[in-house]
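Q: Before we talk through this protein, could you show me the sequence and the model, so that each label can be set against its value?

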Amino acid sequence: MTDLVPEQSGGHSWTLDLDPSTTRVLVNGFQSWSEAELQPLSAAQARPTFVWMQEHGHDPAFLPSGEAGVWRSHTLIALVRPGGGGYVGHSLDESRSYAHWEARAEGSQVRLSLRVEGPDIPLVFTETDDVISTLEQLSAQLGRTMSARTPSPLRVWCSWYSYYRAVTLPQMLENARLSREKALPFDVFQLDDGFQADLGDWTLPAEHFGGHARDLPAGLSELGYRAGIWLAPFLAGPDSELFRAHPDWMLKGEDGRPLPIGNNWGGPYYGLDTTHPEVLNWLKELAREVVGWGYSYLKLDFLFAGALPGVRHDPSRTRAEAYRMGLAALREGAGEETFLLLCGAPLASSIGVADAMRTGPDVSPIWDDDARRVWLHDATGPAARNALHTALSRWYQHAWYQPDPDVMIAREVQSMLSAAERHALLGLLDVIGGLRASSDPVSSLDEEGLTLLRRALELSTPDRPITLETSFGAAVTHFGRGTFNLTDAPQESIAAHAYRELAHD
(Lines give C-alpha, C1' and ligand atoms only; values in the text may rest on other atoms or scores of the structure.)
Protein backbone atom coordinates (compact mmCIF):
# COMPACT_ATOMS: atom_id res chain seq x y z
CA MET A 1 0.00 0.00 0.00
CA THR A 2 1.10 3.59 -0.62
CA ASP A 3 -0.52 6.24 1.57
CA LEU A 4 -1.38 9.44 -0.28
CA VAL A 5 -1.28 12.97 1.13
CA PRO A 6 -4.23 15.34 0.53
CA GLU A 7 -3.61 18.03 -2.06
CA GLN A 8 -4.68 20.88 0.20
CA SER A 9 -3.33 21.61 3.66
CA GLY A 10 -6.15 21.26 6.18
CA GLY A 11 -8.41 19.66 3.58
CA HIS A 12 -9.02 16.19 2.28
CA SER A 13 -9.14 15.98 -1.49
CA TRP A 14 -7.23 14.13 -4.16
CA THR A 15 -7.17 14.16 -7.98
CA LEU A 16 -6.58 10.63 -9.25
CA ASP A 17 -5.43 9.45 -12.67
CA LEU A 18 -8.28 6.98 -13.02
CA ASP A 19 -10.39 6.60 -16.13
CA PRO A 20 -13.99 7.10 -14.94
CA SER A 21 -15.26 4.89 -17.77
CA THR A 22 -13.38 1.83 -16.47
CA THR A 23 -13.42 2.53 -12.71
CA ARG A 24 -15.80 0.80 -10.33
CA VAL A 25 -16.74 2.23 -6.94
CA LEU A 26 -17.63 0.35 -3.77
CA VAL A 27 -19.68 2.45 -1.36
CA ASN A 28 -21.01 1.89 2.15
CA GLY A 29 -24.27 3.44 3.33
CA PHE A 30 -24.62 5.16 6.69
CA GLN A 31 -26.82 2.69 8.58
CA SER A 32 -28.09 -0.87 8.40
CA TRP A 33 -30.62 -0.32 5.63
CA SER A 34 -28.67 2.25 3.57
CA GLU A 35 -27.48 0.79 0.28
CA ALA A 36 -23.98 -0.61 -0.05
CA GLU A 37 -23.11 -1.44 -3.63
CA LEU A 38 -20.48 -1.95 -6.32
CA GLN A 39 -21.17 0.18 -9.38
CA PRO A 40 -19.47 1.70 -12.43
CA LEU A 41 -18.30 5.16 -11.41
CA SER A 42 -20.07 6.58 -14.46
CA ALA A 43 -23.48 5.39 -13.21
CA ALA A 44 -25.83 7.45 -11.04
CA GLN A 45 -26.27 6.87 -7.31
CA ALA A 46 -29.98 6.63 -6.45
CA ARG A 47 -31.41 9.34 -4.22
CA PRO A 48 -34.80 8.49 -2.67
CA THR A 49 -37.72 10.64 -3.78
CA PHE A 50 -39.45 11.26 -0.47
CA VAL A 51 -38.02 12.93 2.63
CA TRP A 52 -39.27 10.16 4.92
CA MET A 53 -37.31 7.63 2.83
CA GLN A 54 -34.20 9.77 3.18
CA GLU A 55 -34.65 9.95 6.97
CA HIS A 56 -35.59 6.29 7.33
CA GLY A 57 -32.88 4.77 5.16
CA HIS A 58 -30.01 7.24 4.80
CA ASP A 59 -28.15 10.06 6.52
CA PRO A 60 -30.11 13.24 5.74
CA ALA A 61 -26.92 15.25 6.34
CA PHE A 62 -25.06 13.45 3.54
CA LEU A 63 -27.54 11.97 1.10
CA PRO A 64 -26.73 10.03 -2.06
CA SER A 65 -26.05 12.52 -4.83
CA GLY A 66 -28.48 11.37 -7.51
CA GLU A 67 -25.95 12.56 -10.13
CA ALA A 68 -24.25 10.40 -12.75
CA GLY A 69 -20.55 10.03 -11.96
CA VAL A 70 -20.88 11.15 -8.31
CA TRP A 71 -20.82 8.60 -5.48
CA ARG A 72 -21.05 9.24 -1.75
CA SER A 73 -20.03 6.80 0.94
CA HIS A 74 -19.75 6.62 4.73
CA THR A 75 -16.69 5.56 6.72
CA LEU A 76 -14.91 4.10 3.68
CA ILE A 77 -14.76 4.05 -0.09
CA ALA A 78 -12.94 1.94 -2.68
CA LEU A 79 -12.14 2.80 -6.30
CA VAL A 80 -11.35 -0.29 -8.36
CA ARG A 81 -9.47 -0.19 -11.64
CA PRO A 82 -9.05 -3.09 -14.10
CA GLY A 83 -6.77 -5.70 -12.57
CA GLY A 84 -8.15 -5.43 -9.02
CA GLY A 85 -5.95 -2.59 -7.80
CA GLY A 86 -7.03 0.94 -7.04
CA TYR A 87 -7.57 3.20 -4.05
CA VAL A 88 -9.12 2.73 -0.60
CA GLY A 89 -10.11 5.48 1.82
CA HIS A 90 -11.00 4.49 5.37
CA SER A 91 -11.78 6.18 8.67
CA LEU A 92 -10.10 4.57 11.66
CA ASP A 93 -12.31 5.91 14.48
CA GLU A 94 -15.98 6.92 14.37
CA SER A 95 -16.78 7.25 18.07
CA ARG A 96 -17.07 11.06 17.82
CA SER A 97 -17.06 11.90 14.13
CA TYR A 98 -18.48 10.77 10.79
CA ALA A 99 -16.40 10.40 7.64
CA HIS A 100 -18.23 11.37 4.43
CA TRP A 101 -16.46 10.39 1.19
CA GLU A 102 -17.32 11.55 -2.33
CA ALA A 103 -15.89 10.31 -5.64
CA ARG A 104 -16.61 12.50 -8.66
CA ALA A 105 -15.78 11.91 -12.32
CA GLU A 106 -14.05 14.97 -13.77
CA GLY A 107 -13.13 14.52 -17.42
CA SER A 108 -10.45 11.83 -17.66
CA GLN A 109 -9.77 11.86 -13.91
CA VAL A 110 -11.51 11.20 -10.61
CA ARG A 111 -11.77 13.72 -7.81
CA LEU A 112 -12.03 12.20 -4.35
CA SER A 113 -12.92 14.32 -1.33
CA LEU A 114 -13.56 13.69 2.34
CA ARG A 115 -15.54 15.73 4.84
CA VAL A 116 -15.15 14.87 8.52
CA GLU A 117 -18.19 15.82 10.59
CA GLY A 118 -16.78 16.36 14.07
CA PRO A 119 -13.24 16.40 15.49
CA ASP A 120 -10.37 15.25 13.32
CA ILE A 121 -9.96 11.49 13.18
CA PRO A 122 -7.23 9.11 12.05
CA LEU A 123 -7.82 8.02 8.48
CA VAL A 124 -6.04 6.29 5.64
CA PHE A 125 -6.20 6.95 1.92
CA THR A 126 -3.97 4.60 0.04
CA GLU A 127 -3.17 3.18 -3.38
CA THR A 128 -3.05 -0.60 -3.50
CA ASP A 129 -2.62 -3.50 -5.89
CA ASP A 130 -5.28 -5.48 -4.01
CA VAL A 131 -8.38 -3.50 -3.05
CA ILE A 132 -10.11 -6.47 -1.41
CA SER A 133 -7.26 -7.26 0.99
CA THR A 134 -6.57 -3.61 1.78
CA LEU A 135 -10.22 -2.94 2.59
CA GLU A 136 -10.31 -5.98 4.88
CA GLN A 137 -7.10 -4.94 6.64
CA LEU A 138 -8.27 -1.39 7.28
CA SER A 139 -11.70 -2.55 8.41
CA ALA A 140 -10.05 -4.90 10.89
CA GLN A 141 -7.90 -2.01 12.11
CA LEU A 142 -11.01 0.12 12.71
CA GLY A 143 -12.54 -2.78 14.64
CA ARG A 144 -9.48 -3.06 16.88
CA THR A 145 -9.31 0.69 17.46
CA MET A 146 -12.93 0.78 18.62
CA SER A 147 -12.69 -2.47 20.63
CA ALA A 148 -15.13 -4.43 18.49
CA ARG A 149 -17.25 -7.06 20.21
CA THR A 150 -17.52 -10.26 18.16
CA PRO A 151 -19.05 -12.95 20.39
CA SER A 152 -20.11 -16.35 19.09
CA PRO A 153 -23.05 -16.06 16.68
CA LEU A 154 -26.50 -17.18 17.82
CA ARG A 155 -29.35 -18.99 16.07
CA VAL A 156 -32.54 -17.02 16.54
CA TRP A 157 -36.24 -17.51 15.87
CA CYS A 158 -37.88 -14.09 15.43
CA SER A 159 -41.63 -13.43 15.27
CA TRP A 160 -41.54 -10.53 12.81
CA TYR A 161 -41.57 -11.98 9.29
CA SER A 162 -44.68 -14.07 9.82
CA TYR A 163 -46.76 -12.51 12.57
CA TYR A 164 -45.64 -8.89 12.32
CA ARG A 165 -47.46 -6.64 14.83
CA ALA A 166 -50.23 -9.21 15.39
CA VAL A 167 -47.92 -11.51 17.38
CA THR A 168 -49.32 -13.06 20.56
CA LEU A 169 -47.83 -14.72 23.61
CA PRO A 170 -49.41 -18.12 22.78
CA GLN A 171 -47.90 -18.02 19.26
CA MET A 172 -44.44 -17.47 20.67
CA LEU A 173 -44.71 -20.40 23.06
CA GLU A 174 -46.29 -22.71 20.47
CA ASN A 175 -43.46 -22.09 17.99
CA ALA A 176 -40.92 -22.73 20.71
CA ARG A 177 -42.69 -25.96 21.68
CA LEU A 178 -42.79 -27.18 18.07
CA SER A 179 -39.16 -26.21 17.57
CA ARG A 180 -38.16 -28.33 20.55
CA GLU A 181 -40.34 -31.20 19.29
CA LYS A 182 -38.63 -31.11 15.87
CA ALA A 183 -35.15 -30.62 17.38
CA LEU A 184 -34.51 -27.36 15.54
CA PRO A 185 -31.22 -25.96 16.91
CA PHE A 186 -32.29 -22.46 17.95
CA ASP A 187 -30.55 -20.70 20.82
CA VAL A 188 -32.95 -17.74 21.21
CA PHE A 189 -36.65 -17.09 20.68
CA GLN A 190 -37.06 -13.37 20.07
CA LEU A 191 -40.34 -11.48 20.44
CA ASP A 192 -40.56 -8.66 17.90
CA ASP A 193 -42.70 -5.53 17.49
CA GLY A 194 -46.36 -5.81 18.53
CA PHE A 195 -46.25 -6.73 22.23
CA GLN A 196 -46.23 -3.12 23.48
CA ALA A 197 -49.02 -0.56 23.79
CA ASP A 198 -47.15 2.06 21.73
CA LEU A 199 -43.70 3.17 20.68
CA GLY A 200 -42.04 4.28 23.88
CA ASP A 201 -44.58 2.54 26.14
CA TRP A 202 -42.56 -0.66 26.34
CA THR A 203 -43.79 -1.78 29.75
CA LEU A 204 -47.48 -1.49 28.82
CA PRO A 205 -48.91 -4.50 26.93
CA ALA A 206 -50.88 -4.36 23.69
CA GLU A 207 -54.46 -5.55 24.19
CA HIS A 208 -54.17 -8.30 21.57
CA PHE A 209 -50.92 -9.80 22.91
CA GLY A 210 -52.57 -12.05 25.47
CA GLY A 211 -50.35 -11.23 28.38
CA HIS A 212 -47.28 -9.17 29.20
CA ALA A 213 -43.81 -9.44 27.70
CA ARG A 214 -42.44 -10.31 31.13
CA ASP A 215 -44.55 -13.50 31.03
CA LEU A 216 -42.61 -15.03 28.12
CA PRO A 217 -39.04 -15.76 29.34
CA ALA A 218 -40.02 -18.37 31.95
CA GLY A 219 -41.92 -20.43 29.39
CA LEU A 220 -39.04 -20.25 26.92
CA SER A 221 -36.55 -21.23 29.61
CA GLU A 222 -38.58 -24.35 30.41
CA LEU A 223 -38.20 -25.34 26.76
CA GLY A 224 -34.45 -24.69 26.83
CA TYR A 225 -34.31 -21.36 24.99
CA ARG A 226 -32.97 -17.92 25.81
CA ALA A 227 -35.51 -15.11 25.56
CA GLY A 228 -35.02 -12.16 23.21
CA ILE A 229 -37.09 -9.02 22.74
CA TRP A 230 -37.34 -6.15 20.24
CA LEU A 231 -37.23 -2.50 21.28
CA ALA A 232 -36.99 0.75 19.34
CA PRO A 233 -35.67 2.64 22.38
CA PHE A 234 -34.91 5.96 20.65
CA LEU A 235 -38.48 6.37 19.34
CA ALA A 236 -41.74 7.69 20.78
CA GLY A 237 -45.14 7.48 19.12
CA PRO A 238 -47.17 10.71 18.86
CA ASP A 239 -49.95 9.18 21.01
CA SER A 240 -47.69 7.42 23.49
CA GLU A 241 -47.69 8.14 27.19
CA LEU A 242 -43.94 8.76 26.90
CA PHE A 243 -44.43 11.57 24.38
CA ARG A 244 -47.33 13.14 26.28
CA ALA A 245 -45.36 13.12 29.53
CA HIS A 246 -42.00 14.23 28.14
CA PRO A 247 -42.16 16.28 24.93
CA ASP A 248 -39.05 18.04 26.21
CA TRP A 249 -37.11 14.77 25.83
CA MET A 250 -37.48 14.78 22.06
CA LEU A 251 -35.06 15.86 19.34
CA LYS A 252 -36.25 19.29 18.20
CA GLY A 253 -36.39 21.31 15.04
CA GLU A 254 -35.17 24.87 14.66
CA ASP A 255 -38.60 26.06 15.87
CA GLY A 256 -38.00 24.40 19.24
CA ARG A 257 -40.77 21.85 18.76
CA PRO A 258 -40.38 18.06 18.77
CA LEU A 259 -39.21 16.99 15.32
CA PRO A 260 -41.37 14.41 13.50
CA ILE A 261 -39.21 11.86 11.71
CA GLY A 262 -39.62 8.90 9.37
CA ASN A 263 -42.94 7.41 8.35
CA ASN A 264 -43.99 4.08 9.80
CA TRP A 265 -46.71 2.66 12.02
CA GLY A 266 -49.19 4.76 10.05
CA GLY A 267 -47.34 8.08 10.14
CA PRO A 268 -44.41 10.04 11.57
CA TYR A 269 -43.00 9.50 15.04
CA TYR A 270 -40.44 11.24 17.25
CA GLY A 271 -36.85 10.59 18.28
CA LEU A 272 -35.43 10.94 21.77
CA ASP A 273 -32.65 13.43 22.40
CA THR A 274 -29.87 11.19 23.64
CA THR A 275 -27.85 14.09 25.04
CA HIS A 276 -30.58 14.81 27.62
CA PRO A 277 -29.56 13.47 31.07
CA GLU A 278 -33.10 12.35 31.90
CA VAL A 279 -33.35 10.47 28.60
CA LEU A 280 -30.08 8.69 29.27
CA ASN A 281 -31.27 7.62 32.70
CA TRP A 282 -34.60 6.43 31.23
CA LEU A 283 -32.78 4.37 28.58
CA LYS A 284 -30.52 2.80 31.18
CA GLU A 285 -33.45 1.90 33.42
CA LEU A 286 -35.50 0.56 30.50
CA ALA A 287 -32.74 -1.84 29.51
CA ARG A 288 -32.22 -2.87 33.12
CA GLU A 289 -35.94 -3.57 33.60
CA VAL A 290 -36.29 -5.63 30.43
CA VAL A 291 -33.23 -7.72 31.27
CA GLY A 292 -34.75 -8.16 34.72
CA TRP A 293 -37.81 -9.75 33.09
CA GLY A 294 -35.50 -12.50 31.86
CA TYR A 295 -34.39 -11.27 28.42
CA SER A 296 -30.69 -11.80 27.70
CA TYR A 297 -30.92 -10.85 23.99
CA LEU A 298 -32.11 -7.39 22.93
CA LYS A 299 -32.82 -6.44 19.33
CA LEU A 300 -32.55 -2.63 19.32
CA ASP A 301 -34.11 -1.17 16.20
CA PHE A 302 -34.58 2.20 14.43
CA LEU A 303 -31.48 3.51 16.18
CA PHE A 304 -30.76 6.00 13.38
CA ALA A 305 -33.10 8.34 15.30
CA GLY A 306 -30.30 9.00 17.78
CA ALA A 307 -28.07 10.40 15.02
CA LEU A 308 -30.49 12.50 12.97
CA PRO A 309 -29.77 16.21 12.48
CA GLY A 310 -31.70 18.39 14.92
CA VAL A 311 -31.50 20.68 17.95
CA ARG A 312 -30.27 18.83 21.04
CA HIS A 313 -30.22 19.51 24.76
CA ASP A 314 -26.41 19.60 24.61
CA PRO A 315 -25.46 21.39 21.38
CA SER A 316 -21.76 20.81 22.00
CA ARG A 317 -22.14 17.12 21.19
CA THR A 318 -21.64 15.87 17.65
CA ARG A 319 -24.24 13.56 16.15
CA ALA A 320 -21.85 10.65 16.53
CA GLU A 321 -21.34 11.47 20.20
CA ALA A 322 -25.08 11.86 20.80
CA TYR A 323 -25.70 8.45 19.27
CA ARG A 324 -22.94 6.78 21.27
CA MET A 325 -24.25 8.34 24.49
CA GLY A 326 -27.62 6.67 23.94
CA LEU A 327 -25.99 3.34 23.10
CA ALA A 328 -23.75 3.52 26.15
CA ALA A 329 -26.76 4.08 28.41
CA LEU A 330 -28.50 1.02 26.96
CA ARG A 331 -25.38 -1.11 27.34
CA GLU A 332 -24.91 0.04 30.93
CA GLY A 333 -28.48 -0.85 31.81
CA ALA A 334 -28.43 -4.18 29.96
CA GLY A 335 -25.07 -5.27 31.34
CA GLU A 336 -22.02 -6.64 29.59
CA GLU A 337 -23.39 -10.17 29.32
CA THR A 338 -26.58 -9.24 27.45
CA PHE A 339 -26.38 -9.78 23.70
CA LEU A 340 -27.25 -6.61 21.76
CA LEU A 341 -28.28 -6.88 18.12
CA LEU A 342 -28.61 -3.43 16.52
CA CYS A 343 -30.74 -2.66 13.49
CA GLY A 344 -31.44 0.48 11.50
CA ALA A 345 -28.30 1.72 13.21
CA PRO A 346 -25.33 3.86 12.15
CA LEU A 347 -22.76 1.19 11.40
CA ALA A 348 -19.23 2.20 12.30
CA SER A 349 -20.23 4.35 15.26
CA SER A 350 -21.82 1.26 16.85
CA ILE A 351 -18.55 -0.68 17.00
CA GLY A 352 -17.58 -1.59 20.54
CA VAL A 353 -21.17 -1.56 21.82
CA ALA A 354 -22.95 -3.83 19.33
CA ASP A 355 -22.53 -7.59 19.60
CA ALA A 356 -24.24 -7.98 16.23
CA MET A 357 -25.51 -5.66 13.52
CA ARG A 358 -28.06 -5.96 10.74
CA THR A 359 -25.97 -5.29 7.65
CA GLY A 360 -28.73 -4.86 5.09
CA PRO A 361 -32.42 -4.07 4.65
CA ASP A 362 -35.12 -6.43 5.88
CA VAL A 363 -35.65 -9.67 4.04
CA SER A 364 -39.20 -10.18 2.79
CA PRO A 365 -41.14 -13.09 1.25
CA ILE A 366 -40.92 -11.25 -2.08
CA TRP A 367 -37.85 -10.92 -4.30
CA ASP A 368 -38.07 -7.22 -5.18
CA ASP A 369 -40.21 -4.19 -4.43
CA ASP A 370 -39.28 -2.73 -7.80
CA ALA A 371 -41.96 -0.02 -7.70
CA ARG A 372 -40.21 1.50 -4.69
CA ARG A 373 -36.68 0.71 -5.86
CA VAL A 374 -36.95 1.74 -9.52
CA TRP A 375 -39.54 4.50 -9.54
CA LEU A 376 -38.94 6.02 -6.09
CA HIS A 377 -35.16 5.36 -6.16
CA ASP A 378 -35.18 3.65 -2.77
CA ALA A 379 -33.70 0.17 -2.26
CA THR A 380 -33.69 0.34 1.53
CA GLY A 381 -37.12 -1.26 1.92
CA PRO A 382 -37.90 -4.91 2.71
CA ALA A 383 -37.12 -7.32 -0.15
CA ALA A 384 -34.92 -10.38 -0.54
CA ARG A 385 -33.05 -8.73 -3.40
CA ASN A 386 -32.30 -5.62 -1.32
CA ALA A 387 -31.01 -7.68 1.60
CA LEU A 388 -28.67 -9.66 -0.64
CA HIS A 389 -27.48 -6.61 -2.57
CA THR A 390 -26.36 -4.65 0.49
CA ALA A 391 -25.29 -7.38 2.91
CA LEU A 392 -23.03 -9.01 0.29
CA SER A 393 -21.39 -5.64 -0.37
CA ARG A 394 -20.48 -5.38 3.34
CA TRP A 395 -18.71 -8.72 3.62
CA TYR A 396 -15.74 -7.09 5.43
CA GLN A 397 -17.77 -5.86 8.42
CA HIS A 398 -17.45 -9.11 10.38
CA ALA A 399 -14.43 -7.40 11.98
CA TRP A 400 -16.78 -4.82 13.55
CA TYR A 401 -19.45 -7.10 15.09
CA GLN A 402 -21.25 -10.32 14.25
CA PRO A 403 -23.07 -9.57 10.97
CA ASP A 404 -26.79 -10.25 10.78
CA PRO A 405 -27.84 -10.82 7.14
CA ASP A 406 -31.44 -11.31 8.42
CA VAL A 407 -33.73 -14.30 8.36
CA MET A 408 -33.93 -17.33 6.14
CA ILE A 409 -37.37 -17.77 4.61
CA ALA A 410 -37.65 -21.52 4.11
CA ARG A 411 -41.46 -21.77 3.94
CA GLU A 412 -43.42 -21.95 0.70
CA VAL A 413 -46.72 -20.77 2.18
CA GLN A 414 -47.19 -17.01 2.68
CA SER A 415 -44.21 -16.46 0.40
CA MET A 416 -43.68 -15.48 -3.22
CA LEU A 417 -40.03 -16.56 -3.28
CA SER A 418 -39.03 -19.23 -5.78
CA ALA A 419 -36.86 -22.22 -4.88
CA ALA A 420 -33.88 -20.45 -6.53
CA GLU A 421 -34.49 -17.29 -4.51
CA ARG A 422 -34.71 -19.22 -1.25
CA HIS A 423 -31.42 -20.92 -2.17
CA ALA A 424 -29.88 -17.47 -2.78
CA LEU A 425 -30.85 -16.50 0.78
CA LEU A 426 -29.22 -19.68 2.02
CA GLY A 427 -26.08 -18.72 0.10
CA LEU A 428 -26.13 -15.25 1.66
CA LEU A 429 -26.12 -16.71 5.16
CA ASP A 430 -23.29 -19.09 4.34
CA VAL A 431 -21.11 -16.43 2.69
CA ILE A 432 -21.60 -13.67 5.25
CA GLY A 433 -21.48 -15.85 8.37
CA GLY A 434 -22.66 -14.35 11.63
CA LEU A 435 -26.14 -14.80 13.07
CA ARG A 436 -28.66 -17.32 11.79
CA ALA A 437 -32.34 -16.54 12.03
CA SER A 438 -35.80 -17.67 10.96
CA SER A 439 -39.33 -16.35 11.26
CA ASP A 440 -41.14 -19.27 9.67
CA PRO A 441 -44.07 -20.61 11.70
CA VAL A 442 -42.75 -24.05 12.51
CA SER A 443 -46.12 -25.64 11.73
CA SER A 444 -45.94 -24.23 8.18
CA LEU A 445 -42.79 -26.13 7.23
CA ASP A 446 -42.99 -29.43 5.36
CA GLU A 447 -40.05 -31.84 5.34
CA GLU A 448 -38.36 -29.95 2.51
CA GLY A 449 -38.76 -26.67 4.37
CA LEU A 450 -37.42 -28.16 7.59
CA THR A 451 -34.39 -29.51 5.75
CA LEU A 452 -33.72 -26.10 4.21
CA LEU A 453 -34.12 -24.39 7.59
CA ARG A 454 -31.70 -26.81 9.26
CA ARG A 455 -29.13 -26.03 6.58
CA ALA A 456 -29.67 -22.31 7.17
CA LEU A 457 -28.99 -22.75 10.89
CA GLU A 458 -25.55 -24.26 10.27
CA LEU A 459 -22.96 -21.69 11.37
CA SER A 460 -20.19 -20.74 8.95
CA THR A 461 -17.11 -18.57 8.82
CA PRO A 462 -17.26 -15.46 6.59
CA ASP A 463 -16.23 -15.89 2.96
CA ARG A 464 -14.29 -13.40 0.78
CA PRO A 465 -14.91 -12.01 -2.71
CA ILE A 466 -12.67 -13.30 -5.46
CA THR A 467 -13.10 -10.16 -7.59
CA LEU A 468 -14.61 -6.68 -7.62
CA GLU A 469 -14.09 -6.30 -11.35
CA THR A 470 -17.12 -8.36 -12.31
CA SER A 471 -20.55 -8.57 -10.75
CA PHE A 472 -23.95 -9.99 -11.64
CA GLY A 473 -25.92 -7.06 -10.29
CA ALA A 474 -24.68 -3.77 -8.86
CA ALA A 475 -23.21 -5.49 -5.82
CA VAL A 476 -20.40 -7.80 -4.76
CA THR A 477 -21.51 -11.18 -6.13
CA HIS A 478 -18.44 -13.37 -6.81
CA PHE A 479 -17.21 -15.18 -3.70
CA GLY A 480 -14.91 -18.06 -2.99
CA ARG A 481 -17.77 -20.43 -2.16
CA GLY A 482 -20.06 -19.40 -4.99
CA THR A 483 -21.56 -16.74 -7.23
CA PHE A 484 -24.82 -14.82 -6.94
CA ASN A 485 -26.88 -13.57 -9.86
CA LEU A 486 -28.98 -10.65 -8.65
CA THR A 487 -30.07 -9.67 -12.15
CA ASP A 488 -33.33 -10.53 -13.90
CA ALA A 489 -31.65 -12.62 -16.65
CA PRO A 490 -29.39 -15.70 -16.65
CA GLN A 491 -25.65 -14.99 -16.29
CA GLU A 492 -23.06 -17.61 -17.29
CA SER A 493 -25.53 -20.45 -16.72
CA ILE A 494 -26.71 -19.06 -13.38
CA ALA A 495 -30.45 -18.45 -13.40
CA ALA A 496 -31.88 -15.05 -12.51
CA HIS A 497 -32.09 -14.41 -8.75
CA ALA A 498 -30.03 -17.52 -8.04
CA TYR A 499 -26.84 -18.70 -6.36
CA ARG A 500 -24.38 -21.21 -7.80
CA GLU A 501 -22.51 -22.90 -4.99
CA LEU A 502 -19.05 -24.24 -5.75
CA ALA A 503 -18.32 -27.80 -4.82
CA HIS A 504 -16.52 -28.22 -1.49
CA ASP A 505 -13.87 -30.82 -0.80
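Q: What makes Tyr269 count as buried or exposed in this predicted model?
A: In this predicted model, Tyr269 has a relative accessibility of 1%, and because buried means under 20% relative accessible area, Tyr269 counts as buried.

Q: How do you know whether its partner Trp265 is buried, exposed or in between?
A: The relative accessible area of Trp265 is 27%, and because buried requires a value under 20% and exposed a value over 50%, Trp265 is called partly exposed.

Q: Why are Trp265 and Tyr269 called an aromatic pair, and which geometry does the pair have?
A: The ring centres of Trp265 and Tyr269 are 5.3 Å apart, and rings pair if their centres lie within 6.5 Å; the planes are at 80°, and because an angle over 60 degrees counts as edge-to-face, that is the name given to this pair. Trp265 and Tyr269 also belong to one aromatic cluster, together with Trp33, Phe302 and Phe304.

Q: What is notable about the backbone of Phe302, and where does this residue lie?
A: Phe302 has a phi near 55°, a positive value in a residue other than glycine, and is found in the loop between strand 19 (295–300) and helix 8 (319–334). Its relative accessibility is 6%, and because buried means under 20%, Phe302 counts as buried.

Q: Where is Gln414, and what makes it buried or exposed?
A: Gln414 lies in the loop between strand 22 (402–404) and helix 11 (419–432), and has a positive phi of about 50° although it is not a glycine. With a relative accessible area of 58%, and because exposed means over 50%, Gln414 is classed as exposed.

Q: How many aromatic pairs does a search of the whole structure find, and why is the pair of Phe30 and Tyr98 called edge-to-face?
A: The search finds 27 aromatic pairs. One of them is Phe30 with Tyr98, at 5.1 Å centre to centre and 90° between the planes; because an angle over 60 degrees counts as edge-to-face, the pair takes that name. The pair links distant parts of the chain, with Phe30 in the loop between strand 3 (24–27) and strand 4 (37–40) and Tyr98 in strand 8 (residues 98–106), 68 residues apart. Phe30 and Tyr98 are buried.

Q: How do you know how many disulfides there are, given Cys158 and Cys343?
A: A search of the whole structure finds zero disulfides. The cysteine sulfur closest to that of Cys158 is the one in Cys343, 9.5 Å away, and because a disulfide needs the two sulfur atoms within 2.5 Å, this separation is too far for a bond. Taken from the other side, the sulfur of Cys343 has Cys158 as the closest cysteine partner, again at 9.5 Å. Cys158 is buried, with a relative accessible area of 3%, and Cys343 is buried as well, at 1%.

Q: What makes the contact between Asp362 and Arg358 a polar contact?
A: The side chains of Asp362 and Arg358 approach to 2.6 Å, and because a polar contact needs an N or O pair within 3.5 Å, this one qualifies. Asp362 is in the loop between strand 21 (356–358) and helix 9 (370–375), and its relative accessibility of 17% counts as buried. Beyond its neighbours within four places in sequence, Asp362 is in contact with several residues, including Trp33, Trp160, Tyr161 and Asp406.

Q: Which backbone atoms does the side chain of Thr275 reach, and why do they qualify as polar contacts?
A: The side chain of Thr275 reaches the backbone nitrogen of His313 at 3.4 Å and that of Asp314 at 3.1 Å; because the limit is 3.5 Å, both distances qualify. Thr275 lies in the loop between strand 18 (267–271) and helix 7 (277–292), and at 5% relative accessibility counts as buried.

Q: Why is the charged end of Arg72 said to sit over the ring of Phe62?
A: The charged end of Arg72 is 5.2 Å from the centre of the Phe62 ring, and because the distance limit is 6 Å, this part of the criterion is met.

Terms used: Residues numbered from 1 in each chain as written. Predicted model: local features only at pLDDT ≥ 70, side-chain atom pairs only at ≥ 80, totals over all residues. Heavy atoms only, no water. Buried < 20%, exposed > 50% of the residue type's maximum accessible area, 1.4 Å probe, protein only. Phe/Tyr/Trp six-rings, centres within 6.5 Å; stacked < 30°, edge-to-face > 60°. Helix = DSSP H or I, 4+ residues; strand = E, 2+ residues; numbered from the N terminus. Lys NZ or Arg CZ within 6 Å of the ring centre and 35° of its normal. Polar contact = N/O pair within 3.5 Å; in protein donor to acceptor, adjacent residues only side chain to side chain. Contact = heavy atoms within 4.5 Å.
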